[in-house]
Amino acid sequence: MPEEKKIYNKGFVVAGLIIFITIFMFPFWYNLGKAAPVPEPVLTEKAKAAKECIEPKSYMKAEHMQILDDWRSSVVRDENRVYVSSKEKEFDMSLSNTCLDCHSNKADFCDKCHNYASVNPYCWDCHIDKPKENK
Amino acid sequence: MLELAFKGSKRYYGWMTALLAVIGVGFGCYLWQLSFGLGITGMSRDVSWGFYIAQFTFLVGVAASAVMLVLPYYLHNYKAFGKITILGEFLAVSSVTMCLLFIIVDLGQPMRAFNVILYPTPNSILFWDMIVLNGYLFLNVVIGWQVLEAERNSVAPPAWVKPLIYVSIPWAVSIHTVTAFLYCGLPGRGFWLTAILAPRFLASAFAAGPSFLILLCLIIRKLTKFDPGKEQIQTLAKIVTYGIIMNVFFLLCEVFVVFYSKIPEHMDHMKYLFVGLHGHGVLVPWMWTSVSLMLTAIILLVNPMTRKNEPVLAVACLCVFFGTWIDKGLGMISGGFVPSPLHHVNEYVPTIPEIIITMGVYATGFLVLTALFKMAVSVKEELSA
Amino acid sequence: MENSRRTFLKIAGISALGLSAKPVFNAFAVSEEHGGKKEAKVLPKKGALTAKRWALVIDTTKFKSAKDLEPIIEACHKIHNIPVFENKRHEIKWIWEEEFKHAFPDLENEHINDRIKSLPFLVLCNQCQDAPCVRACPTKATFKQEDGIVAMDFHRCIGCRFCMAACPYGSRSFNFRDPRPFIKETNKKFPTRMKGVVEKCNFCSELLAEGKQPACVEASGGALIFGDLEDPESEVRKLLKSNYTIRRKTALGTGPSIYYIV
């Protein structure tokens with residue numbers, strides 16, 4: 001007997017599919033027409049005066065999370081606490097004491113971009129921001 | 001086959017909804033724990049493991065006990081168990097599910113749980129526990145599913161399932177052995193530092209698991225058209241009898257060693273549990289209840305007259321289950337932490353949110369158990385119809 | 001019908017798996033791209049104090065009462081941002097005082113002399129040679145450094161507390177809640193901890209790297225002596241040679257690196 005190909009419970013299936021797709025695309029509906037401009041990190045006077053970070057800007061922009069990840073393994077697990085950059089400059093590998101020494105404006109330098117990209121690094125649960133602020 | 005779990009009576013749906021409600025409340029409390037930290041529990045610096053890990057330990061035993069059905073059927077060709085091995089395997093699946101959930105709710109940083117796999121550390125028993133528990137879960141899901149599906153289609157299960165079944169037998173023993181090794185390999189924790197801990201765990205497992213299974217069989221017989229069988233229940237009862245006697249025997253061995261040697265580091269924990277130490281003893285009434293339940297159960301189970309009487313057997317099984325639950329789910333973990341290694345007596349009592357989260361995990365386990373048993377029983381009903 | 005649905009589900013499943021694996025491949029691609037180009041290096045800090053195996057000698061004869069220990073405990077807890085909790089269950093401590101019978105429960109002696117009976121003892125992580133906590137940790141979050149220090153990686157700790165069960169000296173504390181609001185005065189150079197991780201004394205690794213002695217030693221006025229146990233010329237070795245010392249629970253074979261002159 002030739003089997004006829006048809007969808008059973010067609011109404012339910014189609015309605016279900018429509019509901020699923022609507023919910024699945026919720027992020028798109030939700031953010032429709034809300035395109036925000038890409039924020040530009042703000043540099044402090046100290047950071048401006050230094051001209052360059054530990055590595056070139058483009059590299060820092062793309063790789064700072066990887067660098068920090070490497071730093072933490074190096075400091076915590078290997079007791080190697082000094083970073084020698086590709087330009088032979090030495091830095092103490094410390095988020096609070098080195099990075100935030102220059103970039104003491106965490107809200108404008110870090111958070112703005114992180115919020116824009118909707119990333120929520122938990123560095124700050126332990127590492128103290130703005131180490132110089134209350135001095 | 002899963003569709004069978006979605007077709008049920010009003011009572012079935014009512015029960016599942018009730019479980020979902022408990023899960024919901026438990027999950028709410030868990031979200032609170034997640035945001036506040038484990039400080040909402042009764043655990044402390046001195047008693048750093050509590051109710052969660054104790055339930056985990058107890059349930060590993062229940063999970064391991066599936067082997068008490070699988071082994072007689074597949075190794076000794078005890079045909080009667082063929083009918084109900086699936087119940088043992090599905091009980092194992094739901095128990096291991098609860099075990100894993102209890103581990104997760106006990107973690108301070110659950111979102112980092114995968115670190116155990118990312119940084120494998122073979123010298124840590126917890127690493128091995130992760131492997132054996134997940135392996136056991138996998139084995140029982142696959143075996144249970146394949147065997148049931150084959151039964152439904154009235155064909156023999158695929159040949160590759162057989163080796164998995166044989167592997168699952170020592171694997172069941174391994175899950176409780178490794179779980180015991182978590183505790184008994186620690187220096188400075190005199191209560192657990194005993195080579196008999198793994199055997200003792202297994203003995204109580206082979207009492208608690210099958211006794212629970214007997215109760216489940218009686219319920220299934222009452223609520224469904226599937227009868228797990230009188231002979232099957234009686235054989236399980238004999239297994240429970242041996243299990244509970246071994247468990248009490250091992251306990252008495254411990255009692256002799258610690259009280260005859262009188263080494264304070266070992267004896268003080270036992271004292272704390274059974275008579276209290278330096279005026280502290282919240283668990284004393286519980287422990288004596290546990291002992292009396294287990295002894296009552298032995299009397300009822302050893303005597304064939306009472307064992308063969310199913311209502312009395314049900315009472316005996318309740319005694320075994322709750323007796324061993326107190327022994328392992330209450331005493332075993334806090335007993336090891338009190339007194340502390342510095343000999344301070346800081347007691348542990350679970351808090352209300354901690355108990356609610358625990359109930360949420362149990363409800364999840366029961367949800368899985370009910371759905372799986374529903375499937376199994378429906379297949380059996382289909383076949384007999 | 002039955003068959004084609006099955007095939008569809010299979011293909012959909014495999015595609016989903018493939019799509020979810022894409023970020024992994026992307027990550028590999030990125031790290032390869034930058035891996036060869038940069039030639040940055042990491043080095044240990046110059047002027048850092050180093051040893052084959054750090055050890056501490058506590059000269060208890062220099063202490064009269066609990067008052068003498070306070071500044072030492074204070075120094076440690078202050079620089080390491082240790083919170084103070086009202087609730088004793090949540091307590092966190094790196095170095096603290098115990099009576100002799102608690103610090104050395106296996107040396108119980110009811111007729112011990114009055115000085116020892118009334119004298120508070122400083123206890124801290126023993127930095128064991130064969131540390132049970134290192135053995136127990138399922139993620140290597142607790143590990144042994146080359147200088148003998150039992151160190152902790154708070155980033156990796158999953159908070160299973162196996163190490164707390166394993167430690168026979170009660171030296172470990174767990175962050176049962178966010179410690180930050182309970183830190184009286186924050187040392188901005190040292191991180192705090194987050195909830196859900198275990199912590200303990202780190203023998204002041206961060207100070208050793210700067211060429212400084214541990215904070216407790218610095219604050220002890222000579223009662224605590226720190227040095228290399230493997231160096232026969234070190235001060236700790238000289239002290240161990242000329243004084244009778246005891247260690248905590250040596251019968252367990254953990255090999256504590258803290259010695260007490262009594």
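**Close-up views of a predicted model**

A search through the whole structure turns up five cavities of 30 Å³ or more. (A cavity is a set of points on a 1 Å grid over the protein atoms alone where a 1.4 Å probe fits but cannot get out; grid points are joined across faces, edges and corners, and a volume is the space filled by probe spheres set on the points.) Everything here comes from a predicted model, where local features need pLDDT of at least 70, side-chain atom pairs count only at pLDDT 80 or more, and totals for chains, interfaces and linings use all residues. Residues are numbered from 1 along each chain as its sequence is written, chains are lettered from A and ligands numbered from 1 in the order in which they are written, and side-chain values use heavy atoms, with hydrogens and water left out.

**View 1. The largest cavity and its lining in chain C.** This cavity holds about 100 Å³ of space. It is lined by 14 residues, and C:Cys137, C:Pro138, C:Cys157, C:Cys160 and C:Cys163 sit closest to its centre (lining residues have an atom within 4 Å of a point). The lining splits into ten nonpolar residues, three polar and one charged. Here Ala, Val, Leu, Ile, Met, Phe, Trp, Tyr, Cys and Pro count as nonpolar, Asp, Glu, Lys and Arg as charged, and the others, Gly among them, as polar.

**View 2. The second largest pocket, lined by helices of chain B.** A pocket is an open set of points with protein on both sides within 12 Å along at least five of seven lines, and this one has about 1,200 Å³ of space. Of its 40 lining residues, B:Trp15, B:Leu216, B:Ile219, B:Phe366 and B:Thr370 come closest to the centre. Helix 14 of chain B chips in the most, with 13 residues. (Helices are DSSP runs of H or I, at least four residues, numbered from the N terminus.) By type, the lining has 29 nonpolar, eight polar and three charged residues.

**View 3. The largest nonpolar core.** Such a core is a set of buried Ala, Val, Leu, Ile, Met, Phe, Trp, Tyr and Cys residues joined through side-chain atoms within 4.5 Å, with buried meaning under 20% relative accessible area and exposed over 50% (1.4 Å probe, protein chains only). It has 161 residues, and B:Phe56, B:Leu87, B:Phe102, B:Tyr183, B:Ile214 and B:Phe373 have the most contacts inside it. Helix 8 (residues 197-223) of chain B is the top contributor, giving 16 residues. Of the 27 residues in helix 8 of chain B, 22 are buried.

**View 4. B:Gln55 and B:Phe102 in contact.** B:Gln55 belongs to helix 2 of chain B and counts as buried, at 0% relative accessibility. Beyond four places in sequence, B:Gln55 is in contact (heavy atoms within 4.5 Å) with B:Phe102, B:Trp325, B:Gly329, B:Thr358 and B:Tyr362. With the same sequence neighbours left out, B:Phe102 touches residues including B:Tyr52, B:Phe56, B:Leu59 and B:Val361.

**View 5. Helix 11 of chain B and its cover.** The 19 residues of this helix (residues 284-302) should span 27 Å at 1.5 Å a residue, and the end C-alpha atoms are indeed 27 Å apart (the expected span is 1.5 Å times one less than the number of residues). Its buried residues include B:Val284, B:Met287, B:Val291, B:Met294 and B:Ile298. Among the elements covering them are helix 9 (230-261) and helix 13 (310-337) of chain B.

**View 6. A:Lys10 in helix 1 of chain A.** A:Lys10 lies in helix 1 (residues 10-24) of chain A and is exposed, with a relative accessible area of 55%. From A:Lys10 to A:Asp101 it's 91 residues in sequence and 64 Å in space, C-alpha to C-alpha.

Key: Helix = DSSP H or I, 4+ residues; strand = E, 2+ residues; numbered from the N terminus.
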